[in-house]
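I am opening a notebook page for this structure. The entries below follow the order in which I looked things up.

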Protein chains: 2
Amino acid sequence: MQTHQNAEMKKQTRRTFVASAVTLGASAAASAMPSMEKEKKVLVHHAFFWLKNPDSKEDLAKLLAGLETLRKIETIKQIHIGVTASTEKRPVVDSSFHASELMFFDSLDGQKTYQDHPIHQKFIADCGHLWDKVIVYDAMDV
Amino acid sequence: MQTHQNAEMKKQTRRTFVASAVTLGASAAASAMPSMEKEKKVLVHHAFFWLKNPDSKEDLAKLLAGLETLRKIETIKQIHIGVTASTEKRPVVDSSFHASELMFFDSLDGQKTYQDHPIHQKFIADCGHLWDKVIVYDAMDV
């Protein structure tokens with residue numbers, strides 16, 4: 001029994017070692033990858049915009065330029081400004097939006113600071129007339 | 001008329017210069033941030049899930065466990081699996097979803113490989129009965 005336990009412990013140790021090695025491998029891969037997820041949980045803030053004038057390239061350019069100004073807000077840890085991608089049209093894919101703003105924050109407070117920030121408020125004042133609809137989704141990493 | 005046109009052109013040139021200066025400022029800020037965007041454009045794939053049994057913690061746990069299996073798909077460059085965040089309730093915020101899956105790909109092909117991947121197909125087969133609705137948004141960085 002003792003021997004069996006020792007064998008079990010050895011197995012456990014080996015498993016822990018293998019798990020650690022895998023984790024280290026993953027960390028090494030992660031550090032080569034531009035990612036925050038190895039450090040802390042991320043608050044994902046994703047806003048989708050539908051233009052009032054869907055065919056106006058000028059309005060889209062204005063909106064995208066407005067979104068670019070948000071990059072300077074210091075609590076934003078990562079930002080992606082995009083337009084509808086030309087992925088396959090499937091029933092679950094909503095490709096009707098015109099612009100998207102994806103941001104990572106490292107806390108609820110960081111997101112609140114962004115909401116109240118003068119640069120964000122100026123963006124809404126300057127560009128709010130361009131959109132017909134906005135939907136925002138806030139998700140917290142599990 | 002000609003003079004007016006020249007004045008317009010000068011204004012346009014100035015606008016272009018100002019726009020470029022703004023872009024340069026944004027790039028400098030981006031390089032200090034942990035992000036892929038300075039290297040290459042990202043295809044952002046974001047899926048939101050609404051459970052058939054919204055109050056079932058067990059079903060949510062099953063769905064989240066299913067989403068975790070997707071991490072192994074090699075064309076995913078970054079992944080965040082989350083639940084509704086407790087940010088401020090504002091009219092534009094849709095906090096009715098139950099789980100969210102955010103992925104970055106570096107190409108349309110990478111996203112297609114993910115769609116067709118056996119691990120993804122197994123996830124749909126195993127977990128598809130758990131959700132009532134899915135909305136997917138695909139955005140390409142500008």
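**Entry 1. A salt bridge between two loops**

I began with A:Asp106, which forms a salt bridge with A:Lys77, the closest N and O atoms being 3.9 Å apart. The model is predicted, so I treat this as a computed distance. The pair links distant parts of the chain, 29 residues apart. A:Asp106 sits in the loop between β3 and α3 of chain A, and A:Lys77 in the loop between α2 and β2 of chain A.

I then looked up accessibility for both partners. A:Asp106 has 31% relative accessibility and therefore counts as partly exposed. A:Lys77 is at 25%, so that residue is also classed as partly exposed.

**Entry 2. Other salt bridges**

How many salt bridges does a search of the whole structure find over all chains? I noted ten.

In chain A, I looked up A:Asp126 and A:Lys122, whose side chains meet in a salt bridge at 2.6 Å, N to O. Both lie in helix α4 (residues 118-127) of chain A, four residues apart, which is about one turn of the helix. A:Asp126 counts as partly exposed because its relative accessibility is 40%.

In chain B, I looked up B:Lys112 and B:Asp116, with side chains that meet in a salt bridge at 2.6 Å, N to O. These two are separated by about one helical turn because they are four residues apart in helix α3 of chain B. I have B:Lys112 as partly exposed, with a relative accessible area of 38%. B:Asp116 is partly exposed as well, with a relative accessible area of 46%.

**Entry 3. Strand β3 of chain A**

Is β3(A) enclosed or open? Seven of its seven residues are buried, so I put the strand down as largely enclosed by the rest of the structure. From β3(A), A:Ala99, A:Glu101, A:Met103 and A:Phe105 point one way. A:Ser100, A:Leu102 and A:Phe104 point the other way, and the residues of both sets are all buried.

Next I checked the pairing. β1(A) and β3(A) run antiparallel and are joined by seven bridges. In that pairing, A:Ala47 stands opposite A:Glu101. β2(A) and β3(A) also run antiparallel, joined by five bridges. There, A:Gln78 has A:Phe104 as its bridge partner.

I picked out A:Ser100 from this strand. Its relative accessibility is 2%, so A:Ser100 counts as buried. Its side chain makes a polar contact with the side chain of A:His46 at 3.0 Å. Not counting residues up to four places away in sequence, A:Ser100 touches A:His46, A:Ala47, A:Phe48, A:Leu67, A:His80, A:Ile81, A:Gly82 and, from the other chain, B:Ala139.

**Entry 4. The contact between the chains**

That B:Ala139 entry sent me to the interface. The contact takes 49 residues from chain A and 50 residues from chain B. I noted a buried area of about 4200 Å² between chain A and chain B, of which carbon and sulfur atoms give 61%. There are zero salt bridges between the two chains. The count of residue pairs in polar contact between them is 18.

Elements giving two or more residues to the chain A side are β1 (43-51), α2 (57-69), β2 (78-84), β3 (99-105), α3 (108-116) and β4 (131-141). Which of them gives the most? I have β4(A), with eight residues. By type, the chain A side divides into 27 nonpolar, twelve polar and ten charged residues.

β4(A) also pairs across the chains. Three bridges join β4(A) to strand β2 (residues 78-84) of chain B, and the two run antiparallel. In β2(B), B:Gly82 is the bridge partner of A:Asp141.

**Entry 5. Two further residues**

A:Trp131 is in strand β4 of chain A. At 15% relative accessibility, A:Trp131 counts as buried. A:Trp131 and A:Trp50 are 81 residues apart in sequence but 5.6 Å apart in space, C-alpha to C-alpha. Beyond four places in sequence, A:Trp131 has contacts that include A:Phe49, A:Leu63 and A:Phe123.

B:His117 is in the loop between α3 (108-116) and α4 (118-127) of chain B. With 14% relative accessibility, B:His117 counts as buried. Its side chain reaches the backbone nitrogen of B:Ile119 at 3.1 Å. Leaving aside neighbours within four places in sequence, I found B:His117 in contact with B:Ile73 and B:Glu74.

Definitions and conventions
Residues numbered from 1 in each chain as written. Chains lettered and ligands numbered in written order. Predicted model: local features only at pLDDT ≥ 70, side-chain atom pairs only at ≥ 80, totals over all residues. Heavy atoms only, no water. Contact = heavy atoms within 4.5 Å. Buried area = accessible area lost by both parts, 1.4 Å probe. Salt bridge = Lys/Arg side-chain N within 4 Å of Asp/Glu carboxyl O. Polar contact = N/O pair within 3.5 Å; in protein donor to acceptor, adjacent residues only side chain to side chain. Nonpolar A, V, L, I, M, F, W, Y, C, P; charged D, E, K, R; others polar. Pairing = 2+ DSSP bridges. Buried < 20%, exposed > 50% of the residue type's maximum accessible area, 1.4 Å probe, protein only.
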